[in-house]
Every structure is written in structure tokens, then in C-alpha cells.
Amino acid sequence: MQRLNELAVHLSLHPEAAAGAAPSTTAHGTYHSAPSATSNSSTVSIDLLNKFVDKHNFATRKAMWELLKEPLFELDYNMSIKQLRDLTLRRLQRLSDLGYPYQMLDPNSTPESQMEVYARTDCMYMYDCNLTVRVGAHVNLWGGSVRNLGTEYHHEKYLKDIAYNRLPGCFAMTELGHGSNVKGLETTATFDKATQEFIINTPTESAQKFWIGNALTAHAATVFAQLHIGGVNRGIHAFIVPLRDANGKIPHNIRIADCGMKMGLNGVDNGRFWFNNVRIPRMNMLNRMANVTEDGEYLSMIEDNDMRFGAMVAELVAGRVSMIGGSTNLAKVGLTIAVLYSIARRQFGPDDSPERPIMDYLLHQRRLVPEIAGVYAMNATSHYVRNLWVNRSADFDERIRQMKEIHILASGLKALSGWQMRQALSTCREACGGQGYASWNRIPVLMADSDVFMTFEGDNNVLLVQVARQLVKEYARAMEKGQAGIPQFAKPTDRLAHMAGTARGVPLSAAKPVVWDASAQRFVEVNLSAFDNGSKHRNAEFQMRIFEIREYDAIKRLIAALSAKKAAGHNDDSAWNLCGELAAVCGQAYIERFVLTRFIEDIQTESSAPERLVLEKLRALHAMWRITTQPSFLAYQFIPRQDIEIMADEVNVILAELRPHLANLVKAFGVPQHLLPAITSDYVAAHSWAETLKASEFKGNVFHL
Ligand SMILES: Cc1cc2nc3c(=O)[nH]c(=O)nc-3n(C[C@H](O)[C@H](O)[C@H](O)COP(=O)(O)OP(=O)(O)OC[C@H]3O[C@@H](n4cnc5c(N)ncnc54)[C@H](O)[C@@H]3O)c2cc1C
């Protein structure tokens, strides 16, 4: 109670709340209620915080922001679909001319040069999703498939032309009939030994390629198809299929159609393909994982069909790795806008006093600040995974092992970072009231353009279940080795060690939750009361234990439920279907524990005082917010109710402590001024008659857009 009183005093005495808001006169006229300044009393350095957030290639980012000031890149929200597509293409060409994509595709690229690409990509996401997705489809998907699934022949023949956009292309995997279930694709590639060609066909209407980004402008595609040799189906493989001749003409046996206007991303030309006996040379098969010889013999270093398919898909995971950062960066933009506006914007307040900045309302803080904490946590995790990706081994076997680990992490994180972004942007939109609805204030456009992040590069729900399936598979493997129980999950020191065959089983029969104690080298019962002291609820180790218990509980429940369904006569497919919800919770619990691990480690290793104090508060808030609001923490009552209640109160106390730092925390996201709308500063001045005259086309007494 005393703490809540302190909170009330804090809110009423907050320096910004007390700043004058009396009617004032400026060059623009009279304000009824002056916006409050967005500076604040925080002593935490924006610069140091920004270094903690961005971590690498600061000069590259600065240069990118300068480039994006060119008139070509000026944001405009009043374009037709055609104008937006044309402009996005010209912007892509500008980046290609500068050679940026080549850095990504260069087979001899280094981890350092790839990190430079990530720095630019961070900026692009904050700038405009149309450009980022168009570049992603062309460079990451089309170029990336040639680079990662092809061999030297393809690299030499195609990569330079792709990088400089002399060979615009696309990635044609999805069909009308199959999206998530890639193994079910119907397009065929039949080997013709006599002519040494593959014949590509769309055998049914449901086999038409659908949603293919850059389809209308591409000259070639990586087409995924069932490979048939001598009447045997060898499963899904990738082939380079030219879509136009040297004069840009589409051959008579290929049909292309537009997917039309979409909810967002209308600067990207998504389209559809039909192939009718399209012949391509044998060498157009992307043959890193498997090959077809002149004699029609099928060769692969990976014998098992499922494993080969898994290895192929894993090589394409770059898009998901990029999207973890992408979602986080979009949320950064939304939160920067919403928080700065909320500090400037005043509504209501005590009688005879200035109106209160809306950021000082506890309810408003409860909406926005946990999202800031979530972004800092996901940001740390995103950097970690991109480092794993750029440092993967050149050795084939080691790489396959690493890719498994990256694949599971990137899949789960892609899903959770996307949902987190959608929640954050929606909250930001609402937090800005009516201003949040204007396209020129950016948030609605960010929302519309990014909603598809839940769907492409793998549907989020499907991905989470895949994560759970992988965990259960590892459990089964551990059982086979006589290590009864579920696998020990990733630790900072051994990441996904259980996937390398060193799994240790957690006894499923334990009555109370157990965790692996590395120093004792055994499983120990979790004793939450061991943390009993004045501040245990903010304690990182205490919070981690709770996340581990939830994770332990989720997988234990899932395995028990799967076993029960099977015992009742359900086959594997049916059992998983009936346990879908538990599987999604299991995937979520695993990934969220991983995110907290990364956040704790990131703060410990990458920050210095005094920003660490503020970051620790963010971390404590991040964990407590989830523990006190998510059903999977609350439903099964494995955390004492008293602890939950204390944490729920403690959240409000932390929010008050963080309030002075909010402006700096979002400014540290590094969104440059020219990409921030006017509502982030003096929004009254920005909407004055004089400014309106400058910005709009004036006809009589009406403004036209
Ligand atoms: C704007 C845009 C751009 C795209 N760009 C490309 C591109 O360039 N190249 C390309 O190849 N593809 C592209 N795609 C396709 C995209 O990758 C697919 O849409 C995505 O993989 C989902 O497939 P689907 O649309 O067939 O959905 P479905 O797989 O039919 O899923 C529909 C719903 O069913 C649910 N569902 C499916 N299976 C299960 C299950 N087992 N358990 C529970 N629920 C399930 C999903 O969660 C989802 O909500 C793009 C899509 C869009 C919208």
C-alpha cells in the first residue's frame, strides 16, 4: 500500500506533468493546451542505450539514413497501386546500383560483411516495408535460393546479375492448393534423359503458383516442384525457370497473372504462374542437396527423404532470421511515435493545473511500456540469432547440425516476434487516439504492411507447432538412448545441446517442477521460497526459474496428452491434431524462456552502468508482465498465488520508476527524425494553417491530397 501511495505521489509530482500548459502564444497563433516537451529528466544516455540496441555497424546505419533522405525515398501515402509499385522498383534499383545486395549474395561474403547487410536491413524495415519485402523477395528469396541451394555453376552464372538487378527474379514455392504444407506441392519437374532437360508443369488448377512476390516484373524464378525421374517421385526440389526471353517477352507456355490489391504491401507485385511443358536444361536444377546425372541417376549426400527436405528448407531460413529483426524494428518505430506523442499530448488533469500528459496515466503506461520491454528483449534475441546465422560452418555435417538449431529458433522467434509486433503496433495506434489513424502518422501503414508477417515465411501457428514437434522428437530420441524424460532445454552455455545428442532427460514423474542444476550436475526440485527476500520478484534468477517451470510444465503436459491420445487409439496425426493448443503453448514457452535468457545475458555482457539499472527494470517488467498476464503461467497454479499478486503490484511500481526514462528508451531505437511524423514533437505547430499551406495543394478554400 505504501508503495502505491509513493506511486501516486510520483505521478502527481512528475516534472513533465508540472511543466506549464497554460494557453500560450507563438508565431503560429494561440494554443489552448501546449504540448509538453519530449525531453525529460532521465540521465541515461540515449547514445549508450542506442549502442546497446544496435550493437554493430553504426557508420553503415548512418550512411543508410542519409541515403534515405534522397527525394526518391520520400514517403508518400497517397499513391495508386501502380505508382507505388513503380516507385518501389526504382528504389530497389537504386540500392542494387550501389551494390548492396551483392554483399548479401557474394558466395565469399564474410560474417562481417553480412552483418553490414543486416544493419542496412534494420534501417529499411524502419523506413518502408514495401521496399524491404521487395528487396527480400528478390535478394533473400530468389538470390538466396540460388546461393544456398545452388552450386558453383549457378553462383557464377547468376549471382552477380541478380545482385545488380539485371536478372530480376522471384521465389515460387506457394501454390493455390498448398502453402504451409510444402511437401504437398503439385507442380512437377520431370527429367527427360533424351534431351537432358526437366519439363515443368502445372498439372491442376490448384497447382498454380500463387502469391509470388515480384512475379509481374521477374525474368526468372526458383520454382519448387516434385521431381520425377523414370516414374519415381523424388520429392520437392528447386529449379531455375526463365520466365521471359532476352527481349522481355513471356513464352507462350507460361501464364502470369496479378494477385491484385492487398491489405498492405501494394508496392510489391504478387502474382500467379501456370507452366505448360516448360523445358529447362538439366543444369538448372539447384543441386546442392541432390543431383540428377546425365544418365538420370539420382544422387544425394542425405539419403533420408525427410532429412533432405528438412535440410533444404533450413537453408532458406534467412528470411525468418531477417524477419525477427524486422518485426522488432517496426515495433520500434510504432513505439517511438506513440511514446513521444503521449509525452507531448495532454488530456484532463487536476483542477486549476495544467492538463496531464497522457503518458502519465498509469493505464496508458500499462499499455505501452511492457511493449517497450518486449522490444528490448526481442532485439537482444534477434542479434543473437543473426550472429548464429552469419557464423555457420562451411563444413557440411557441422552446418547441417547448426542449421537444425537455427531453424527451430528462427521459426519460433519469427512467430513470436511477429505477434509481439502486431500487438505493439495495434496498441500504439490506439494510444495515439485519432492521430494514430492518420496514414501520415505512419502507424496505420506499418500495421497494414506488416500484418502478413504472421503468414508469409511460414504461418505463425504452424511454426509454433513445428517447434513443439521438434522438442518432442528430441525427447523421443533421448528416450531411445535410455535418458528417460524430456530434453534439457537450451542454456546460455549449451544452446540446443540436446539436439546434438547430449540430451539429459528431466524425470516426467517428478511431483514438483525440476530444473537442471549445472553446478550440481543433476536435476533439482525448484524451491521458489529459496528466493525469499525483499526484492525476489524482480530477481532475474527467480524469474528465470518461473519461465523454466512453465516450459517444463508445458512439455510435460503435451507429452502426457499425446501419450493418452495414442493409448486411446489415435494415430500420430490425429493425436497431434487433438493436442494442437498444448503444442502451441509448448512452443511459446520454449521460445519465451529463450528470449528471457538472451535478454538477461545481453544486459550482463553488453551494457554498462548507469543504463544497466534501467535495462534491469525493463527486464524485470518484461518477465513480470508475462507471468501476471499469460494464461499458461496462471492456469495451472504452479506459482504461488501470493507471488502473482505481489508481481502484479510490482509492475505498477516499476512503471513509475521507468516513466522518466521513456523518451530516452524509445529515442535509443534510433529512428531518424526525418522518418518520424510531426505528432512526435509540437503537433499543434505542425498542424497549423501555415504548415498546412506549405504541405498541401490548395484549390480555392479546399485542400486536395
Ligand atoms: C503478401 C504475400 C506475399 C507472399 N510472397 C510469397 C513468395 O514470394 N513466394 C512464395 O512462395 N510464397 C509467398 N507467399 C505465400 C505464403 O508463404 C503463404 O501464404 C504461407 O506459407 C501460408 O500458406 P497458405 O496461404 O496456403 O495458408 P494455409 O497453409 O492454407 O493456412 C491457412 C490457415 O490454416 C492454418 N493451418 C494450416 N495448417 C495447419 C495445421 N497443421 N494445424 C493448425 N492450423 C493449420 C494456418 O495457421 C492458417 O491460419 C506470400 C503470401 C502473401 C500473403
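Where is the place of Trp211? Trp211 sits in strand 6, residues 209-213. Its phi is near 75°, a positive value in a residue other than glycine. With a relative accessible area of 48%, Trp211 is partly exposed; here buried means under 20% relative accessible area, exposed over 50%, and partly exposed in between, with a 1.4 Å probe and protein chains only.

**Model and overall make-up**

This is a predicted model, in which local features need pLDDT of at least 70 and side-chain atom pairs count only at pLDDT 80 or more, while totals for chains, interfaces and linings use all residues. Residues are numbered from 1 along each chain as its sequence is written, and side-chain values use heavy atoms, with hydrogens and water left out.

The mean pLDDT of the protein is 87, and 84% of its residues reach 70 or more; pLDDT is the predictor's confidence in each residue, from 0 to 100. Over residues 1-32 pLDDT stays under 50, and the model has 55 contacts beyond four places in sequence for them. Residues 484-510 also have pLDDT under 50, with 85 such contacts. A contact means heavy atoms within 4.5 Å.

The protein has 24 helices and 21 strands. These are DSSP runs numbered from the N terminus, with helices (H or I) of at least four residues and strands (E) of at least two. Of the 705 residues in the protein, 56% are buried. Among contacts between residues at least 6 apart in sequence, 73% join residues at least 24 apart.

**Helices**

The table compares end-to-end distances with expected spans, where the expected span is 1.5 Å times one less than the number of residues.

| Helix | Number of residues | Expected span | Distance between end C-alpha atoms |
|---|---|---|---|
| Helix 7 (111-127) | 17 residues | 24 Å | 24 Å |
| Helix 16 | 28 residues | 40 Å | 40 Å |
| Helix 19 (611-629) | 19 residues | 27 Å | 27 Å |

In helix 7, 14 of the 17 residues are buried, so this helix is largely enclosed by the rest of the structure. Helix 19 is likewise largely enclosed, because 14 of its 19 residues are buried.

Helix 16 is capped at its N-terminal end by Asn539, a side-chain oxygen of which lies 2.7 Å from the backbone nitrogen of Glu541. Just after helix 16, Gly569 takes a positive phi of about 105°.

**Nonpolar cores**

The largest nonpolar core has 163 residues, of which Phe224, Ile372 and Tyr376 touch the most other members. Its largest share, 15 residues, comes from helix 11, residues 318-344. A second, separate core of 26 residues includes Cys170, Ile212, Ala218 and Tyr298. A nonpolar core is a set of buried Ala, Val, Leu, Ile, Met, Phe, Trp, Tyr and Cys residues joined through side-chain atoms within 4.5 Å. In soluble globular proteins, nonpolar side chains tend to be buried together.

Leaving aside neighbours within four places in sequence, Ile372 contacts Leu335, Val339, Leu618, Leu662, Leu665, Val666 and Phe669.

**Residues in loops**

UniProt, in an unreviewed entry, places the feature "active site" at Glu457. UniProt positions are given in the numbering used here, feature names are shortened, and annotations may be inferred rather than shown by experiment. Glu457 lies in the loop between helix 14 (443-450) and helix 15 (460-480). Not counting residues up to four places away in sequence, Glu457 touches Leu141, Leu316, Gly319, Arg320, Met323, Lys414 and Leu463.

Lys262 is in the loop between strand 9 (254-258) and strand 10 (270-275). At 16% relative accessibility, Lys262 counts as buried. Beyond its neighbours within four places in sequence, Lys262 is in contact with Trp211, Val268 and Asn270. A polar atom of the Lys262 side chain lies 2.7 Å from the backbone oxygen of Val268. Lys262 and Ala448 are 186 residues apart in sequence, and their C-alpha atoms are 9.2 Å apart in space.

His537 is found in the loop between strand 19 (522-525) and helix 16 (540-567). His537 is buried, with a relative accessible area of 8%. The side chains of His537 and Asp643 are joined by a polar contact of 2.7 Å. A polar contact is a pair of N or O atoms within 3.5 Å; within protein, one must be able to donate a hydrogen and the other to accept it, and residues adjacent in sequence count only if both atoms are side-chain atoms.

Phe348, in the loop between strand 14 (346-347) and strand 15 (356-357), has a positive phi of about 55° although it is not a glycine. Phe348 is exposed, with a relative accessible area of 66%.
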